[in-house]
Amino acid sequence: MHKTALEPIAQVSPTALRRWASALFGTTSIHAASIRIATLVLIVVAAAIVPHFTEFGNVQSLMYSVAAVGIGAIGMALVTLSGNLFMLSMGATAAVSTVMFAALIHLGLGTTLLLVVLSGLLMGIVQGGIIALGKANPIITTIATSSIIIGAGVIYTGGLTVIGKGDATWLGQGKLFGWLPTQILVLAIFAAIASFILQKSRIGREIRLLGMRAEVARIAGLRTMAATLVCYAFAGAAAALAGSLIASSSAQGNLTYGIDLDFNAIAAVLVGGISIRGGRGHISDAVTGAIFLAVIGNILLVSGVSYEYQLVAKGIVVLAAVVFGALLARLGPGRK
Amino acid sequence: MHQSQRLLNLAIRIVLLVGMPVIFGLSVNHYFSQANLYAIFQAFAFLGIIALGLSVTMVAGEFDLSVAAISTVAGLITVKFGGDSALLGILYAVVFGVVVGVANAALLPRLGVSSLVTTVGSMMFLTGVGYWLAGGRVLSYGNLDVSDFLDHNVAGIFSPRSFITIACFVVISLFLRFTTLGRDIYASGGHRKAAIQSGARVGKALTVGFVISGGLSALGGGLLSLSLATASATMGSNILLQAASAAIVGGIALGGGIGSPLGVAMGVLILTILNNGLGLLSATSTQILLVNGLLLLIVVLLDGRLGAVLASPLDRFARRKASAPV
């Protein structure tokens with residue numbers, strides 16, 4: 001006979017605020033939670049003291065700068081979570097994808113997106129295969145493939161800008177309800193898919209366990225190769241999608257567009273508080289990191305700080321996040 | 001890495017070092033001219049010094065992703081602050097490189113983070129600093145006498161700049177081989193835990209490793225900018241790829257603990273000979289980039305499982321030979 005019926009059900013139902021707080025911070029690390037608070041504080045403070053920050057146009061441009069980097073950061077987060085640190089070919093994949101997008105856009109937006117994302121997926125699978133099957137160092141492998149991808153792109157374009165002959169305005173400039181860019185919708189859907197795979201599916205659990213203890217995962221009979229392949233495939237597709245978003249806003253492709261996606265995505269992952277040692281972290285952490293960096297970049301931009309100083313500032317933020325995250329990981333309970 | 005894998009690696013290196021010049025010599029006129037050999041050693045001077053520094057961190061079981069950014073910023077510092085005295089400019093640059101090296105290493109043992117993470121952070125930061133120093137321009141250096149001196153032809157194929165690189169190779173080689181700290185660097189890369197437990201000064205070894213790599217990258221970048229009499233924020237963009245290739249081709253294992261500066265020198269020569277030959281065959285810079293990428297891919301595969309698979313027949317042969325009656 002079941003005794004559960006006799007047990008008291010939860011007597012105090014949590015208040016809406018507590019539920020909201022635990023949804024935001026409950027399962028994340030201290031680092032990720034701090035960045036969420038910091039992002040909120042930053043936005044509030046900026047809205048209060050930075051002139052023009054809350055203007056419609058600026059909020060729009062802020063959202064556009066989050067979209068592509070956020071998608072890239074989600075892909076990078078999967079690679080980091082699987083214990084493979086970073087994928088240094090995402091910038092190259094995104095750059096080549098802007099060119100492909102512009103070259104194919106006459107086929108229609110849907111077909112183009114499908115083809116570009118599939119080709120990114122394929123590039124990711126090849127790299128994941130080399131790393132999983134060949135036991136090759138992930139960083140060096142992706143540095144090598146990055147130059148191969150860019151080299152192939154330069155041979156195809158001759159270093160020129162490819163101007164698309166088609167309509168990409170739905171993705172590039174479209175807005176829902178007159179204010180929400182479709183790019184943000186794409187980011188939200190992509191984040192939801194990635195989060196579902198990572199948290200709810202079998203392969204997602206395998207990815208996280210692989211990241212925590214690769215050797216244990218292998219001995220336990222988890223599908224470590226499939227997990228690695230899925231991560232790189234997803235990251236390749238993410239880079240291609242990010243490239244598509246970048247290309248769609250001007251319907252142009254050039255190998256200098258999106259080339260800094262590596263840096264931005266790594267920065268978002270590091271700032272967002274995803275553990276570099278793999279296994280620990282959420283997709284939402286990466287997106288938070290991307291938002292945080294975009295807000296900082298936007299504040300500097302609105303305040304008229306030059307591009308060079310913005311780069312330096314971004315570097316300082318990333319370094320600070322690395323130090324902060326490592327200190328927390330050392331102090332935190334149950335972490336080695 | 002097994003003994004046989006190392007032997008295979010050495011064999012490949014020797015075949016490439018002998019084979020490539022023969023092939024290029026047959027297909028290009030005047031390949032073995034003094035001018036071309038000089039050009040090869042000039043390329044060796046820059047790539048060699050960067051690859052040497054990187055390889056020291058690799059031997060210690062780490063990886064310095066910031067070498068290219070350090071050399072770029074060092075070049076800018078040299079040109080910007082060495083206007084009156086080139087020596088002073090180089091000194092500033094090297095001090096800067098050493099400081100970055102100390103910072104890179106400072107986070108490692110205390111925080112227990114992979115050096116790939118800390119150096120990716122400093123790489124981003126320094127890239128920003130580079131753009132800031134250059135201010136979107138190409139800086140030029142007025143004192144052309146220094147450039148002429150650094151690159152003037154010595155003994156037909158060398159120059160003071162390539163001598164400096166060769167001297168660095170000799171010094172680092174002696175340091176790694178004959179000092180306790182040098183051996184601690186090998187121990188840190190071989191088996192970190194065992195090294196700590198047997199009393200190797202791992203923290204100090206890592207610091208010295210990153211100081212060497214930061215200092216050498218800065219020296220290389222400074223000397224290059226003096227020799228070109230210009231510096232820009234994008235100068236060293238491609239050098240990390242080549243330096244990593246050269247080090248791994250030269251027998252430095254990515255896992256750490258294995259390899260020697262002599263091997264790295266061979267790896268650097270292989271890469272410079274390859275790129276020089278491709279250039280003479282009128283390959284574009286893109287095609288050279290593509291070939292370098294493919295080479296690095298092959299090399300990283302050989303460092304992984306593929307190398308062990310290829311070396312396994314050699315292993316079996318060695319075992320059979322060992323067990324055979326004399």
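Biologist: Leaving aside neighbours within four places in sequence, which residues is S89(A) in contact with?

Modeller: This is a predicted model. S89(A) sits in the loop between helix 3 (56–81) and helix 4 (90–104) of chain A. Neighbours within four places in sequence are left aside, and the contacts of S89(A) are then Q127(A), T142(A), T145(A), S146(A), I149(A) and D262(A).

Biologist: Is S89(A) buried or exposed?

Modeller: Buried means under 20% relative accessible area. S89(A) has a relative accessibility of 0%, so the residue counts as buried.

Biologist: How many helices and strands are there in chain A, and what percentage of its contacts between residues at least 6 apart in sequence join residues at least 24 apart?

Modeller: Chain A has 336 residues, and 53% of them are buried. Its elements are 14 helices and four strands. Among its contacts between residues at least 6 apart in sequence, the share that joins residues at least 24 apart is 76%.

Biologist: How many residues does each chain give to the contact between chain B and chain A?

Modeller: Together the two chains bury about 3,400 Å², with 82% of that area on carbon and sulfur atoms. Chain A gives 41 residues to the contact, and chain B gives 41.

Biologist: How many salt bridges and how many residue pairs in polar contact are found between chain B and chain A?

Modeller: The count of salt bridges between the two chains is zero. For polar contact across the interface, with both residues at pLDDT 80 or more, the number of residue pairs is one.

Biologist: Which element gives the largest share of the side of chain B that touches chain A?

Modeller: The elements of chain B that give two or more residues to this side are helix 4 (86–111), helix 5 (115–134), helix 11 (239–249), helix 13 (285–303) and helix 14 (305–323). By class, this side has 27 nonpolar, twelve polar and two charged residues. The largest share is 14 residues, and it comes from helix 5 of chain B.

Biologist: What percentage of residues 289–311 of chain B is helix?

Modeller: An unreviewed UniProt entry places the feature "transmembrane region" at several stretches of chain B, including 154–176 and 289–311. Over residues 154–176 of chain B the chain is 74% helix and 0% strand, with the end C-alpha atoms 29 Å apart. Over residues 289–311 of chain B the end C-alpha atoms are 29 Å apart, strand is 0%, and helix is 96%.

Terms used. Residues numbered from 1 in each chain as written. Chains lettered and ligands numbered in written order. Predicted model: local features only at pLDDT ≥ 70, side-chain atom pairs only at ≥ 80, totals over all residues. Heavy atoms only, no water. Contact = heavy atoms within 4.5 Å. Buried area = accessible area lost by both parts, 1.4 Å probe. Salt bridge = Lys/Arg side-chain N within 4 Å of Asp/Glu carboxyl O. Polar contact = N/O pair within 3.5 Å; in protein donor to acceptor, adjacent residues only side chain to side chain. Nonpolar A, V, L, I, M, F, W, Y, C, P; charged D, E, K, R; others polar. UniProt positions renumbered as here; feature names shortened; annotations may be inferred. Buried < 20%, exposed > 50% of the residue type's maximum accessible area, 1.4 Å probe, protein only.
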